[in-house]
Amino acid sequence: MAERTVFQSMTQKHVVSLGPQASVYEAACIMTGGNCTSVLVTQPPATLVGIVTERDLMTRVLAKARDPQATRLADIMTPNPLCVPPEKPVSEAVLIMLERGFRHLPVVGAGDKLLGVFSARDALPREIDSAMGLAEFREQVNDALG
């Protein structure tokens, strides 16, 4: 059986986005209303410039006692996030997340079309196990090569 792709695994196949001047409060509202854990930050027409996640809201706004209505997404977003194509196997995407400490990867198709966000929650345990095995293998190879 062929491994699923990130696009096949995404639970939400739509783009949730706001501009960089939108407030953190607006992002929290759109994320809550859309039952999603991130918002893509875009410039017109649909150019990805950043991403804001629920973890960003907690660590960069709440934990620092910033005013969510006065704080702009441009001030807290992760700029130029790493993206993956829709055909990326889930285990490879999970490996990227494990190695880089991400929980969200924007999915970008042909012509830089934003397709949504692949989240760690979209991965099933079998693919996480596969990625962990791949990570362990790479670590062993790196150790062997010095």
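This is a short tour of three sites in a predicted model.

**Stop one: strand β5**

Select residues 104-108, which form strand β5. The strand is mostly covered, with five of its five residues buried. Now show the side chains. Which residues point one way from β5, and which the other? His-104, Pro-106 and Val-108 take one side. Leu-105 and Val-107 take the other, and these too are buried. In a regular strand, side chains alternate between the two faces of the sheet.

**Next door: strand β6**

Add residues 114-119, which make up strand β6. β5 and β6 pair in the antiparallel sense, over five bridges. To check the register, pick Leu-105: Phe-118 in β6 stands opposite. Then follow the hairpin connection, where five residues lie between the strands. Stop at Gly-111, which takes a positive phi near 70°.

**Stop two: Ser-23**

Move to the loop between β1 (17-18) and α2 (24-33), and select Ser-23. Is Ser-23 buried or exposed? Ser-23 is buried, because its relative accessible area is 4%, below the 20% cut-off for that label. Which residues does Ser-23 touch, leaving aside those up to four places away in sequence? Display Pro-68, Gln-69, Thr-71, Arg-72 and Leu-73 to see these contacts.

**Stop three: helix α6**

Finish on helix α6, residues 125-145. Phe-137 has its place in this helix. Select Phe-137 together with Val-141 and Leu-145, and switch on the surface. These residues make a nonpolar surface patch of about 320 Å².

How values were computed:
Residues are numbered from 1 along each chain as its sequence is written. This is a predicted model: local features need pLDDT of at least 70, side-chain atom pairs count only at pLDDT 80 or more; totals for chains, interfaces and linings use all residues. Side-chain values use heavy atoms; hydrogens and water are left out. Patches are made of residues with over 30% relative accessible area and no salt bridge: like charges are joined within 9 Å, nonpolar side chains (Val, Leu, Ile, Met, Phe, Trp, Tyr) within 5 Å. Accessible areas come from the Shrake-Rupley method with a 1.4 Å probe; for residues, only the protein chains shown count as cover. A salt bridge is a side-chain nitrogen of Lys or Arg within 4 Å of a carboxyl oxygen of Asp or Glu. Helices (H or I, at least four residues) and strands (E, at least two) are DSSP runs, numbered from the N terminus. Buried means under 20% relative accessible area, exposed over 50%, partly exposed in between (1.4 Å probe, protein chains only). Two strands pair if DSSP finds at least two bridges between them. Contact means heavy atoms within 4.5 Å.
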